[in-house]
Amino acid sequence: MRILVTGGCGFIGSAVVRHIIGATGHSVVNVDKLTYAATGESTAAAATDPRYVHVRADITDGAAMRAIFAAHRPDAVMHLAAESHVDRSIDGPGVFMHTNILGTYTLLEAAREYWSGLDADGRAAFRFHHVSTDEVFGALQPDDAPFCETTPYDPRSPYSASKAASDHLVRAWQHTYGLPAFVTNTTNNYGFWHFPEKLIPLVTINAIAGRGLPVYGDGGNMRDWLFVDDHAEALVLAVERGRPGETYAIGARQPRSNLQVVGAICAVLDELRPDPAGPHARLIHHVHDRPGHDFRYEIDPAHAESALGWRARHDFETGIRRTVQWYLDNRDWWTALQARHDSTKRLGVAPAGAAA
């Protein structure tokens with residue numbers, strides 16, 4: 001299978017590319033315009049394989065997308081390209097609307113035009129796999145059942161609203177035009193090659209450097225954490241086995257509060273790289289919460305596990321230890337990245353006059 005992967009130099013996309021080239025016989029056309037959060041280093045191991053090609057292009061460029069479909073003639077699309085940082089969406093929602101909504105529309109239209117020109121067997125075999133987030137479902141209270149495929153949408157941030165819109169577009173193109181598309185929703189990912197603005201890479205890098213470890217509010221917000229390599233495996237199984245019109249909620253059954261996550265990182269670093277100044281947990285400090293901070297996300301992955309024949313391989317303790325060790329071993333990568341981009345600056349701060 002020739003798979004067109006959008007955003008294949010990003011965090012989750014690069015894990016998908018590495019899994020496809022390393023563990024399957026499929027080939028990859030990686031369409032990525034290399035924004036601030038993407039890095040070609042994350043796909044360097046795959047780039048030497050003749051089954052891999054990178055095309056630097058913007059998914060909002062319709063002519064470029066049509067040309068890529070015509071030149072590479074993919075059997076499937078895995079659409080991961082997206083702006084994804086909630087705090088950035090609070091500060092500047094426009095780029096999220098442009099990339100996540102207009103970009104998905106543009107890609108859908110290019111895919112539909114290409115798919116319509118295939119023969120009957122090609123149209124039946126083609127798949128458009130849209131990769132989304134559990135944040136489209138809103139927030140859970142402590143005693144609520146986890147999200148599943150039938151949970152109503154209730155997005156709460158500009159980011160999640162833009163992803164909800166893109167999910168709806170994909171389903172509309174499947175229903176109206178018959179494009180064989182489906183959606184996967186996942187929870188928080190962590191692992192290697194993660195741009196250091198999200199919680200786990202930011203805290204890990206700050207702790208290694210002996211800087212403060214900011215925790216929003218009281219740190220009680222809960223997330224279900226999925227190791228990115230496990231997610232990549234599930235996504236590839238989905239493009240191989242997924243049924244048009246379906247939804248697959250992918251999770252690891254590993255909920256932790258933000259404070260528990262930060263504490264776990266500190267404990268691993270205390271073991272792997274002790275700080276003479278004392279335990280890394282001394283660096284934890286609480287900061288003003290971001291506006292509209294959802295309390296809890298958690299997914300019930302039972303349907304995806306059954307339909308895809310998949311289950312997450314890593315528990316949180318194993319995954320976080322591997323992740324922290326990776327950041328210790330790859331300091332040159334993240335220090336160079338920080339030199340180019342100020343990822344330590346606080347984003348998504350409540351505007352003046354907002355309620356505390």
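Reader: How much area does the protein chain expose, and what share do carbon and sulfur atoms supply?

Author: This is a predicted model. The protein chain exposes about 14300 Å². Carbon and sulfur atoms supply 52% of that area.

Reader: What makes the protein chain as compact as a globular protein of its length?

Author: Start with the parts: the chain has 13 helices and 12 strands. Its radius of gyration is 20 Å, and the globule rule gives 21 Å for 356 residues. The two values are close, so the chain is as compact as a globular protein of that length. Its C-alpha atoms fill a box of roughly 65 × 45 × 40 Å along the principal axes. Buried residues make up 53% of the 356 residues.

Reader: What share of the contacts between residues at least 6 apart join residues at least 24 apart?

Author: The share is 82%.

Reader: How many charged side chains are there, positive and negative?

Author: There are 33 positive and 41 negative side chains. The centres of the two sets lie 3 Å apart.

Reader: Why is Gln-254 called buried?

Author: Its relative accessible area is 14%. Buried means under 20%, so Gln-254 qualifies. Gln-254 sits in the loop between strand 10 (247–250) and strand 11 (255–257). Leaving aside residues up to four places away in sequence, Gln-254 touches Arg-223, Asp-224, Trp-225, Asp-315, Phe-316 and Glu-317.

Reader: How do you know that the side chains of Gln-254 and Arg-256 make a polar contact?

Author: The distance is 3.5 Å. The cut-off for a suitable pair of N or O atoms is within 3.5 Å, so this pair counts.

Reader: Why does Asn-100 count as buried?

Author: Asn-100 has 2% relative accessibility. The limit is under 20%, so Asn-100 is buried. Its place is in helix 5 (residues 94–116).

Reader: Which polar partners does the side chain of Asn-100 have?

Author: One is the side chain of Ser-162, in a polar contact at 2.9 Å. In addition, the backbone nitrogen of Glu-83 lies 2.9 Å from a polar atom of the Asn-100 side chain. Beyond residues up to four places away in sequence, Asn-100 touches residues including Ala-82, Tyr-159 and Ser-166.

Reader: What makes His-231 a buried residue?

Author: His-231 has 0% relative accessibility. That is under 20%, so His-231 counts as buried. His-231 lies in helix 9 (residues 228–241). Not counting residues up to four places away in sequence, His-231 touches Ile-12, Val-131, Thr-186, Asn-189, Leu-226 and Ile-250. Arg-313 is 82 residues from His-231 in sequence and 9.7 Å away in space, C-alpha to C-alpha.

Reader: How do you know that Pro-196 is buried?

Author: The value is 1% relative accessibility, and the limit is under 20%, so Pro-196 is buried. Pro-196 is in the loop between strand 7 (188–190) and helix 8 (199–209). The C-alpha atoms of Pro-196 and Pro-301 are separated by 27 Å.

Reader: Why is Leu-34 called partly exposed?

Author: Its relative accessible area is 26%. Partly exposed runs between the 20% and 50% limits, so Leu-34 fits. Leu-34 lies in the loop between strand 2 (27–31) and helix 2 (44–47). Its phi is near 60°, a positive value in a residue other than glycine. Most residues other than glycine have a negative phi.

Reader: What makes Arg-73 partly exposed?

Author: Arg-73 has a relative accessible area of 42%. That falls between 20% and 50%, so Arg-73 is partly exposed. Arg-73 lies in the loop between helix 3 (62–72) and strand 4 (76–79). The phi of Arg-73 is positive, near 45°.

Terms used
Residues numbered from 1 in each chain as written. Predicted model: local features only at pLDDT ≥ 70, side-chain atom pairs only at ≥ 80, totals over all residues. Heavy atoms only, no water. Helix = DSSP H or I, 4+ residues; strand = E, 2+ residues; numbered from the N terminus. Rg over C-alpha atoms; globule rule 2.2 N^0.38 Å. Buried < 20%, exposed > 50% of the residue type's maximum accessible area, 1.4 Å probe, protein only. Contact = heavy atoms within 4.5 Å. Areas by Shrake-Rupley, 256 points an atom, 1.4 Å probe, with all protein chains shown as cover. Lys, Arg positive; Asp, Glu negative; His and termini not counted. Charge placed at Lys NZ, Arg CZ, Asp CG, Glu CD. Polar contact = N/O pair within 3.5 Å; in protein donor to acceptor, adjacent residues only side chain to side chain.
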